[in-house]
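Here are my notes on the model, set out point by point. Please read them with the coordinates open.

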Amino acid sequence: MRLRRVLPIAAALPALLAISACSGESPESGEKKPKASAKSTPGVDEKAAAEAKRIGAVDPQVLEKATLSGKKNGFEAKKVAKSEVEAGRGMKADKVECQPLASLAGGFTHIPAVSVEHRSLEPADARNATVGSMWLAAHSEKNAKQVMTDLRTSIKECPKGFKTLGLTYTAIQSVKAPKLGDESVGYQIASVVGKQKVPMTYSVVRSGGVIVAFYGVNMLDAKKAAIPQPVIEAQLKKIADATG
């Protein structure tokens with residue numbers, strides 16, 4: 001199976017997420033479009049660091065250290081350049097109750113985060129057809145809790161789906177969430193690509209003020225689309241180690 005070879009096309013519009021990894025960017029990253037990583041925009045980093053300190057969120061540099069990179073538990077996490085994730089910034093749902101879902105489809109949270117780290121996730125075993133991505137969003141703990149509350153509400157109130165940027169998402173339903181972190185949400189959503197509905201599975205976990213979102217798709221078996229729990233556990237451990 002060679003689906004992993006198409007990764008990471010992280011900036012692809014979510015309709016293409018069936019064959020690419022979508023990641024998000026912090027809404028507080030400013031108007032300038034960076035060429036590579038946050039390190040190329042020191043002024044933006046300083047602003048985000050100051051805001052993180054003010055609201056008690058994880059510092060951007062700490063968030064980067066707290067994000068998985070390299071091979072772990074059967075997947076390889078690769079950093080995604082911010083310039084590649086701008087496509088997800090304007091994911092506005094045609095129904096207000098669906099916005100938390102639309103924002104996550106674009107790779108960020110509907111409540112602006114202080115900073116965001118994105119990684120594509122590629123299976124180490126070519127026989128594994130599950131591909132995906134993940135992103136960490138740093139919030140105050142109050143806002144992080146609200147993100148999760150709003151997400152649960154959105155899943156209940158938006159079962160038939162929504163449209164955004166000319167794209168269609170449908171068949172939204174809750175699925176079993178990993179019992180990890182301070183709280184978690186799992187759901188499945190189908191992206192309509194041509195005449196085909198592509199089921200995607202999201203696992204969203206809150207650890208303090210950090211929202212960790214995992215997206216996965218398996219074109220051969222939708223029941224295996226979720227990113228495996230060991231990967232999520234490894235990410236949560238890294239957050240704990242980095243934040244002390």
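1. A working rule comes first: two strands pair if DSSP finds at least two bridges between them. By that rule β8 and β9 are partners, with 7 bridges in the antiparallel sense. One residue pair shows the register: valine 205 has valine 212 in β9 as its bridge partner. The two strands make a hairpin with 2 residues between them. Glycine 208 sits in that turn and has a positive phi of about 65 degrees. Keep in mind throughout that this is a predicted model.

2. The overall inventory is simple. The chain has 5 helices and 9 strands. From the N terminus on, the elements run α-α-β-β-α-β-β-α-β-β-β-β-β-α. Of the 244 residues, 51% count as buried. Contacts reach far along the chain: among those between residues at least 6 apart in sequence, 67% join residues at least 24 apart.

3. Now the sheet. It is open, has 9 strands and pairs them antiparallel. The order is β1-β2-β3-β4-β9-β8-β7-β6-β5. Which strands are at the edges? They are β1 (70-72) and β5, each of which pairs on one side only. Neighbouring strands are turned by 25 degrees against each other on average, direction ignored. As general background, strands of a sheet pair through backbone hydrogen bonds, either parallel or antiparallel.

4. Two more strand pairs deserve a look. Strand β4 (residues 130-138) and strand β9 (residues 210-218) run antiparallel and are joined by 9 bridges. Here glycine 132 has glycine 216 in β9 as its bridge partner. β7 and β8 pair over 11 bridges, again in the antiparallel sense. Valine 185 is matched with valine 204 in β8. β7 and β8 also form a hairpin with 2 residues between the strands, where glycine 194 takes a positive phi near 65 degrees.

5. Next, the helices on the sheet. α3 packs on it and touches β4, β5, β6 (167-174), β7 (183-193), β8 (196-207) and β9. The direction of α3 makes about 95 degrees with that of β8. α4 packs on the sheet as well, touching β6, β7, β8 and β9. For α4 the angle is about 50 degrees, taken with the direction of β7.

6. The nonpolar interior comes in separate pieces. The largest core has 34 residues, and Phe162 and Tyr187 have the most contacts inside it. The elements giving two or more residues to this core are α3, β4, α4, β6, β7, β8 and β9. α4 supplies the largest share, 5 residues. Apart from this core lies another, of 21 residues. Among its members are Leu63, Ala77, Leu180 and Leu236.

7. What is phenylalanine 162 in contact with, leaving aside its neighbours within four places in sequence? The list is Ala93, Asp94, Cys98, Leu101, Ala102, Leu167, Thr168, Tyr169, Ile172 and Ile189. Cys98 on that list also takes part in a disulfide, which is the next point.

8. The count comes to 1 disulfide. Cysteine 98 and cysteine 158 form it, with their sulfur atoms 1.9 Å apart. The link is right-handed, with 100 degrees about the S-S bond. Cysteine 98 lies in the loop between β2 (75-79) and α3 (99-106), and cysteine 158 in the loop between α4 (141-157) and β5 (162-164), so the pair ties together parts that are 60 residues apart in sequence. Are these cysteines buried or exposed? Cysteine 98 is buried, with a relative accessible area of 0%. Cysteine 158 is buried too, at 2%.

9. Last, a polar residue in a buried place. Asparagine 218 is in strand β9. Its relative accessible area is 7%, so asparagine 218 counts as buried, the cut-off being under 20%. The side chain of asparagine 218 reaches two backbone nitrogens: that of leucine 220 at 2.9 Å and that of aspartate 221 at 2.8 Å. Leaving aside neighbours within four places in sequence, asparagine 218 is in contact with Ala129, Thr130, Lys224 and Ala225.

Methods:
Residues are numbered from 1 along each chain as its sequence is written. This is a predicted model: local features need pLDDT of at least 70, side-chain atom pairs count only at pLDDT 80 or more; totals for chains, interfaces and linings use all residues. Side-chain values use heavy atoms; hydrogens and water are left out. A disulfide is a pair of cysteine sulfur atoms within 2.5 Å. Helices (H or I, at least four residues) and strands (E, at least two) are DSSP runs, numbered from the N terminus. Buried means under 20% relative accessible area, exposed over 50%, partly exposed in between (1.4 Å probe, protein chains only). Axes are lines fitted to C-alpha atoms, for helices over the stretch in contact, and angles run from 0 to 180 degrees between N-to-C directions. Contact means heavy atoms within 4.5 Å. A nonpolar core is a set of buried Ala, Val, Leu, Ile, Met, Phe, Trp, Tyr and Cys residues joined through side-chain atoms within 4.5 Å. A polar contact is a pair of N or O atoms within 3.5 Å; within protein, one must be able to donate a hydrogen and the other to accept it, and residues adjacent in sequence count only if both atoms are side-chain atoms.
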